[in-house]
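Here are my notes on this one, as promised. Have a look at the model first, then read on.

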Amino acid sequence: MLKDIFRKKRKYATLGSLPSKNPLEGERTYLAEPLIEHESPRKELPDGLWVKCPKCGEVLFNKDLVENQRVCTSCGYHFRIPARERLEHLVDPGTFEEWDKELHTTNPLEFPDYQDKLEEAYKKSDVSESVLTGQASIEGIPVVLAFNEGNFMMGSMGSVTGEKIARAVERAIELRCPVVIFSTSGGARMQEGILSLYQMAKTSAALGRLAEERLLYISVLTDPTFGGVTASYASLGDIHIAEPGALIGFTGPRVIKQTMRKELPEGAQTAEFNQMHGQIDCVVKREEMRKVLGRLLRYHQEGAV
């Protein structure tokens, strides 16, 4: 078999051996024209079929990666995940009710090209803003949820983002429900200037009222969580959870290096680093998140002994 694989191909086709008219010459082999090899058309693989893990370099079949909640089967690296996909893995099937879907961002400061960026964000994601809010059940316990959508302008916090989160918290107070917010954001949205920074105060005030009502708020920080989101609702939880390897901070390492001329320690701003220094209560794998949240919600349920 190996000989057949590595054997050199003949450049000419053999027609056969014919007897020579000269009895001293023996048989002659007559060759035809050179063979023309026709290459079969190369099949192109569809885009998105395979994904390379940025941590270990393993090439993963995209379908298997999605089925594993976008966690590398080789090294456990947690890829970023869309809000609705995360929602499906987390809540009880058929229990999610979306809120404030009709709210859309405008261009209050008439920032150049902002409307074009918003249109592009609508196409890249299936949400109306950088946050998805609503009510659902986790292991049978009613809960108000908010999920930042990283595909919508990196989950940045604009006026509608803050408004949707504030409304969700206020309805949680009315319904006497706990709140769970999954943060994924690059920070406040620069195209809305000071209006985006106002959302830090708005969401913080709403969560302050939730605390006064003695209702639970669990903040889950995912990769990445930075800027005004870290400085407001992401850091105001009664319990702080993070996914493995998530980058969490106020300013990214590149900006810190440019402004302070200093390198951050290796591994700084990761979830594990923040847990070691008391910023995060626990680091939970994505596959275990539903179970952990269900247990925490049961422990803190109103009327629970």
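1. A word on classes before the pocket: Ala, Val, Leu, Ile, Met, Phe, Trp, Tyr, Cys and Pro count as nonpolar, Asp, Glu, Lys and Arg as charged, and the others, Gly among them, as polar. On that basis the lining of the largest pocket splits into nine nonpolar, nine polar and nine charged residues.

2. Keep in mind that this is a predicted model, where local features need pLDDT of at least 70, side-chain atom pairs count only at pLDDT 80 or more, and totals for chains, interfaces and linings use all residues. Numbering runs from 1 along each chain as its sequence is written, and side-chain values use heavy atoms, with hydrogens and water left out.

3. Confidence (pLDDT, the predictor's score for each residue, from 0 to 100) averages 88 over the chain, and 83% of the residues score at least 70. Residues 11-18 fall below 50, yet this stretch has 26 contacts (heavy atoms within 4.5 Å) beyond near neighbours in sequence. Residues 29-38 are also below 50, with 23 such contacts.

4. Back to the largest pocket: its volume is about 540 Å³. Of its 27 lining residues, Y77, H78, F79, R80 and D223 are the closest to the centre. Strand 9 (residues 217-225) gives the largest share of the lining, three residues.

5. On the fold as a whole, I see ten helices and eleven strands. Among contacts with a separation of 6 or more, 64% join residues 24 or more positions apart.

Technical notes. On a 1 Å grid over the protein atoms alone, a cavity is a set of points where a 1.4 Å probe fits but cannot get out, and a pocket is an open set with protein on both sides within 12 Å along at least five of seven lines; lining residues have an atom within 4 Å of a point. Grid points are joined across faces, edges and corners, and a volume is the space filled by probe spheres set on the points. Helices (H or I, at least four residues) and strands (E, at least two) are DSSP runs, numbered from the N terminus.
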